[in-house]
Amino acid sequence: MHRLILMRHAQAESAAPSGLDRDRRLAARGRDEALLIGRTLAAKGLRPDLALVSTATRTRETWELVQEAFGDVEVR
């Protein structure tokens, strides 16, 4: 059976030093949230085969923290 897991990035800073939205980094709370969701999904046996991840900084940071619970996952 196939599953689709949709996930939004974790809590991000309100602004980036560059002023560009795509450069906003995760806030401390967001880092904690990302680790928690990764562990929760893994504990429920929900491990992705493929992750489609935006190039936005906050999205990449979220995925890196979530992925710690899964190990090696193909990312595009």
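**Entry 1: a glutamate to start from**

In which helix does E33 lie? I looked it up in this model, which is a predicted one, and found E33 in helix α1. I then asked whether E33 is buried or exposed, and the answer falls in between: with a relative accessible area of 27%, E33 is partly exposed, because the partly exposed class runs from 20% to 50%. Setting aside the neighbours within four places in sequence, I found E33 in contact with A10 and Q11. A10 is 23 residues away from E33 along the chain, yet their C-alpha atoms are separated by 6.1 Å.

**Entry 2: the chain as a whole**

Before going further I wanted the general layout, and I noted that the protein chain has two helices and two strands, which follow one another from the N terminus as α-β-α-β. The radius of gyration is 13 Å, close to the 11 Å that the globule rule gives for 76 residues, so I wrote the chain down as being as compact as a globular protein of that length. The C-alpha trace spans about 40 × 25 × 20 Å along its principal axes.

I also looked up how the chain is covered, and 32% of its 76 residues count as buried. The accessible surface comes to about 5,500 Å², and carbon and sulfur atoms account for 51% of that surface. Taking the contacts between residues at least 6 apart in sequence, I noted that 57% of them join residues at least 24 apart. For the charges, the entry reads 13 positive and 11 negative, with mean positions that are 4 Å apart.

**Entry 3: A10, on the other side of the E33 contact**

I went back to A10, whose place is in the segment before α1. At 9% relative accessibility A10 counts as buried, because the limit for that class is under 20%. Leaving aside its neighbours within four places in sequence, A10 is in contact with L26, G30, E33, A34 and T62. I also checked D32, which is 22 residues from A10 in sequence and 8.6 Å from it in space, C-alpha to C-alpha.

**Entry 4: the nonpolar core**

Which residues make up the largest nonpolar core? I listed A10, L26, A34, L41, A51, V53, W63, L65, V66, F70 and V73, 11 residues in all. The elements that give two or more residues to this core are α1, residues 28-43, and α2, residues 57-67. The largest share, three residues, comes from α2. As background I noted that in soluble globular proteins nonpolar side chains tend to be buried together.

W63 is one of the core residues, and I looked up its contacts beyond the neighbours within four places in sequence: they are P48, A51, V53, F70, V73 and V75.

**Entry 5: helix α2**

I next asked how many of the residues of α2 are buried. Eight of its 11 residues are, which leaves α2 mostly covered. The buried ones are R58, T59, E61, T62, W63, L65, V66 and Q67, and I noted with care that this list includes R58 and E61 as well as W63 and L65. These buried residues pack against α1, against β1 (residues 50-51) and against β2 (residues 74-75).

**Entry 6: two more residues before α1**

R25 lies in the segment before α1, and at 45% relative accessibility I recorded R25 as partly exposed. Not counting residues up to four places away in sequence, R25 touches A12, E13, T57, R58 and E61; of these, R58 and E61 are among the buried residues of α2. R25 and A10 are 15 residues apart in sequence and 9.7 Å apart in space, C-alpha to C-alpha.

My last look was at L6, which lies in the segment before α1. Is L6 buried or exposed? With a relative accessible area of 75%, L6 is exposed, because that class begins over 50%. L6 is 45 residues from A51 in sequence, and their C-alpha atoms are 9.8 Å apart in space; A51 itself belongs to the largest nonpolar core.

Definitions and conventions
Residues are numbered from 1 along each chain as its sequence is written. This is a predicted model: local features need pLDDT of at least 70, side-chain atom pairs count only at pLDDT 80 or more; totals for chains, interfaces and linings use all residues. Side-chain values use heavy atoms; hydrogens and water are left out. A nonpolar core is a set of buried Ala, Val, Leu, Ile, Met, Phe, Trp, Tyr and Cys residues joined through side-chain atoms within 4.5 Å. Buried means under 20% relative accessible area, exposed over 50%, partly exposed in between (1.4 Å probe, protein chains only). Helices (H or I, at least four residues) and strands (E, at least two) are DSSP runs, numbered from the N terminus. Contact means heavy atoms within 4.5 Å. The radius of gyration is taken over C-alpha atoms; the globule rule is 2.2 Å times the number of residues to the power 0.38. Accessible areas come from the Shrake-Rupley method with a 1.4 Å probe; for residues, only the protein chains shown count as cover. Lys and Arg count as positive and Asp and Glu as negative; His and the chain ends are not counted. The place of a charge is taken as NZ of Lys, CZ of Arg, CG of Asp or CD of Glu.
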